[in-house]
Amino acid sequence: TPRAVERLKKITADEALRVQVDAGGCHGYQYKMELVKDQEPDDVVFIEDGAKVLVDPLTLDMIKGSKIDYVDELIGASFQVVDNPRAESSCGCKVSF
């Protein structure tokens, strides 16, 4: 989303946001996001207006069609995977599905 692009550009110049799906969480899978400097050989790279997101092929299968958003709420601010068409259900924490 445009909010995610703007926030990512603001907080980093030479890093990318890595998005991964790991086993665990309330519903079986959870999103993991971190800023990284290095790209893995099999990463799929998305670049939007200078903001860079890295996704491994297994994660891409699980989040294809989703969006990355930056959400700033009273309880905190974070990057989130939203509108995941492959998630049958999700947790209120917005981290697991």
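**Sheet, core and a buried arginine**

Ile 68 touches Thr 1, Ala 4, Leu 17, Val 19, Phe 79, Gln 80 and Val 81, when residues up to four places away in sequence are not counted. The model is a predicted one. Ile 68 also belongs to the largest nonpolar core, which has 15 residues; Ile 68, Leu 17, Val 19, Ile 63 and Phe 79 are the members that touch the most others. At least two residues of this core come from each of helix H1 (2-11) and strands E1 (16-23), E4 (51-55), E5 (67-73) and E6 (76-82).

An open sheet is formed by 4 strands in the order E2-E1-E4-E3, with mixed pairing. Strands E2 (29-36) and E3 (44-48) are at the edges, each pairing on one side only. On average, neighbouring strands of the sheet are turned by 25 degrees against each other, with direction ignored. Strands of a sheet pair through backbone hydrogen bonds, in either a parallel or an antiparallel manner. Both arrangements involve E4 here: E1 and E4 run parallel and are joined by 3 bridges, whereas E3 and E4 run antiparallel and are joined by 5 bridges. Helix H1 lies across E1, E2, E3 and E4, and runs at about 100 degrees to E4.

Strand E4 is mostly covered, with 4 of its 5 residues buried. Between E1 and E4, Val 19 stands opposite Val 55, and Arg 18 stands opposite Leu 54. On the E3 side, Glu 48 stands opposite Ala 51 in E4. The hairpin of E3 and E4 has 2 residues between the strands, and in this hairpin Asp 49 takes a positive phi near 50 degrees.

Arg 18 lies in strand E1. Arg 18 counts as buried because its relative accessibility is 7%, and the limit for a buried residue is under 20%. The side chain of Arg 18 makes a polar contact with the side chain of Asp 43, at 2.8 Å. With neighbours within four places in sequence left aside, Arg 18 is in contact with Lys 32, Met 33, Glu 34, Val 36, Asp 38, Gln 39, Glu 40, Asp 43 and Leu 54. Among these contacts, Leu 54 is the residue that Arg 18 stands opposite in E4, and Asp 43 is the partner in the polar contact between side chains. In a regular strand the side chains alternate between the two faces of the sheet. Val 19, which follows in the sequence numbering, is one of the core residues that touch the most other members, and Val 19 is also in contact with Ile 68.

Definitions and conventions: Residues numbered from 1 in each chain as written. Predicted model: local features only at pLDDT ≥ 70, side-chain atom pairs only at ≥ 80, totals over all residues. Heavy atoms only, no water. Core = buried A, V, L, I, M, F, W, Y, C linked by side-chain atoms within 4.5 Å. Buried < 20%, exposed > 50% of the residue type's maximum accessible area, 1.4 Å probe, protein only. Contact = heavy atoms within 4.5 Å. Pairing = 2+ DSSP bridges. Axes fitted to C-alpha atoms, helices over the stretch in contact; angles between N-to-C directions. Polar contact = N/O pair within 3.5 Å; in protein donor to acceptor, adjacent residues only side chain to side chain.
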